[in-house]
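Visitor: I'm new here, and I'd like to know how the labels get their meaning. Could you show me around?

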Amino acid sequence: MPSPLTQNTLFYGDNLPILREYVAGGSVDLVYLDPPFNSARSYNVLFKNERGEGPEAQIAAFEDTWHWSPVAQHTYETLVTQAPPHVGKMVDALYGLLQRSQMMAYLVMMAARLVELHRVLKPTGSLYLHCDPTAVHYLKVVLDTIFGPQNFRNEIIWQRTFAKGLTSRQLPDNHDVILCYQKTSGATWNANILYQPYDVSSLDQKTAGKYHHRDENGRLYRLDNLLNPNRERPNLTYEFLGVTRVWRWTKERMQAAYDAGLVVQTKPGTVPQLKRYLDEQRGRPLGDVWTDIPPLNSQARERLGYPTQKPLALLERIIQMSSNLGDVVLDPFAGCGTAVIAAQKLGRRWIGIDVTHLAIALLKYRLKDQFGEQVQYQVRGEPEDVASAHQLALDDRYQFQWWALSLVEAKPLGGDAGSRQGKKGSDQGIDGVITFLEDAGRAQRVLVQVKSGKVGSPAIRDLVGTLVREKAAIGVF
């Protein structure tokens with residue numbers, strides 16, 4: 001059995017064997033996963049090589065159209081014969097319904113991984129699975145079987161965009177679903193953060209009815225009772241502002257609150273009351289429909305251009321709800337690493353897994369940009385010697401290219417959505433770019449070209465020509 005990881009770790013590779021070989025049972029406090037949605041979108045097909053080939057996990061992890069394959073068949077057989085009996089029966093029942101379909105291939109992949117994610121969670125742990133309406137009903141069946149229906153907590157609706165108009169035969173699809181399960185009833189749950197600040201411009205009718213007073217600064221408040229429900233309190237019975245009652249507070253505290261302007265008497269002889277300001281209350285309780293976290297628009301500062309990137313605020317809320325300082329957060333489909341960044345920012349430890357070197361490279365850049373050199377973590381699965389680098393180049397030259405660019409901290413170019421060749425159009429001799437400031441303060445560029453296989457002097461001459469054409473300061477081959 002693997003030992004618990006003692007430091008933050010990025011893994012390159014298929015998350016299923018990594019979970020089995022490296023992540024100990026009962027060692028993780030929170031799992032967030034944003035796997036492919038099986039929505040027939042093809043923006044992630046760029047991660048295949050030019051022939052559309054590659055390791056099964058690589059294709060499966062970044063293409064939302066699934067196919068029954070020998071790997072899917074083997075995973076199905078393994079689940080039916082080796083998984084806990086109730087899981088095997090569930091998978092077999094789904095197979096009887098869906099047969100060798102794309103949806104079944106997707107669910108087989110997810111079921112195998114969810115079994116492992118349940119294993120690695122602590123009894124106090126929670127899992128949040130981010131999906132869309134195309135497969136959420138099947139995923140709930142899988143999760144109910146693995147976690148137990150009694151441990152289902154919420155189906156959170158996140159409005160990821162605004163409706164752009166009616167379609168001809170259906171309403172616009174503008175939300176994602178986040179399924180929350182806890183391993184046990186003793187899971188970590190920080191209820192104190194589940195409140196949103198009141199928006200005074202759009203208060204609900206009940207709150208607006210209560211908080212209808214304004215002070216000289218425009219702050220909304222309501223008047224609250226200061227009388228003690230227990231009338232047998234001689235030590236709290238006294239006269240204040242001409243009224244004798246049994247009060248909640250001592251006379252000294254009452255006088256201090258009055259001096260601070262917090263106790264008011266609306267007219268002589270009436271019972272004094274306490275000002276309760278709206279902006280000092282915990283806020284509006286958070287429900288399971290989240291409309292207050294907007295998606296990343298094209299101008300968002302945190303936007304990296306990664307097609308499935310989620311807002312940092314979304315992950316921060318999830319992590320704060322279900323983990324504490326020092327807890328371990330695991331994202332087995334790390335992508336550009338928003339969950340990892342949020343965990344680091346909030347003082348949690350983390351494990352991120354992804355199946356492309358592009359994602360690992362982006363995550364490393366993002367960690368450095370956000371936290372500087374002081375952030376400590378290890379990377380496993382990358383080439384560590386010439387032989388493993390050579391093998392990576394033979395297996396997939398685009399993975400080799402993205403890994404090589406990360407060695408010199410060059411930002412990769414290309415890799416646009418919809419490209420079957422890793423790039424959209426010709427790269428014009430530029431695989432990556434490093435930007436720096438010269439002494440005069442002007443931005444200059446370093447152009448990076450990566451080659452695998454046979455190389456020679458013509459490639460160097462091409463790079464020189466590219467430098468001249470692009471008016472770049474430096475070339476790296």
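**Patches, rings and charges**

Guide: Let's start on the outside: V455, I460, V464, V468 and F477 make a nonpolar surface patch of about 450 Å². This is a predicted model, where local features need pLDDT of at least 70, side-chain atom pairs count only at pLDDT 80 or more, and totals for chains, interfaces and linings use all residues. Residues are numbered from 1 along each chain as its sequence is written, and side-chain values use heavy atoms, leaving out hydrogens and water.

Visitor: Why does F477 count as partly exposed?

Guide: Its relative accessibility is 42%. Buried means under 20% relative accessible area, exposed means over 50%, and partly exposed is in between (1.4 Å probe, protein chains only). So F477 is partly exposed. You'll find F477 in the segment after β21 (474–476).

Visitor: What makes the pair of F147 and Y181 tilted?

Guide: Rings of Phe, Tyr and Trp (its six-membered ring) pair if their centres lie within 6.5 Å; planes under 30 degrees apart are stacked, over 60 edge-to-face, and the rest tilted. The centres of F147 and Y181 are 5.7 Å apart and the planes are at 50°, so this pair is tilted. F147 sits in helix α6 (residues 136–147) and Y181 in strand β5 (residues 175–182), so the pair ties together parts 34 residues apart in sequence. Helices (H or I, at least four residues) and strands (E, at least two) are DSSP runs, numbered from the N terminus.

Visitor: How do you know that F147 is buried?

Guide: Its relative accessible area is 4%, so F147 gets the buried label. Y181 is buried too, at 0%.

Visitor: Why is the contact between R276 and D224 called a salt bridge?

Guide: The term asks for a side-chain nitrogen of Lys or Arg within 4 Å of a carboxyl oxygen of Asp or Glu. For R276 and D224, the closest N and O atoms are 2.4 Å apart. That pair links distant parts of the chain, with R276 in strand β12 and D224 in strand β8, 52 residues apart.

Visitor: What makes R276 partly exposed, and D224 buried?

Guide: R276 has 32% relative accessibility, so it counts as partly exposed. D224 has a relative accessible area of 19%, so D224 is buried.

Visitor: Which ring does the charged end of R219 sit over?

Guide: That's the ring of Y277, with the charged end 3.8 Å from its centre. The rule wants NZ of Lys or CZ of Arg within 6 Å of the ring centre and within 35 degrees of the ring normal.

Terms used: Patch = residues over 30% accessible without salt bridge, like charges linked within 9 Å, V, L, I, M, F, W, Y side chains within 5 Å. Areas by Shrake-Rupley, 256 points an atom, 1.4 Å probe, with all protein chains shown as cover.
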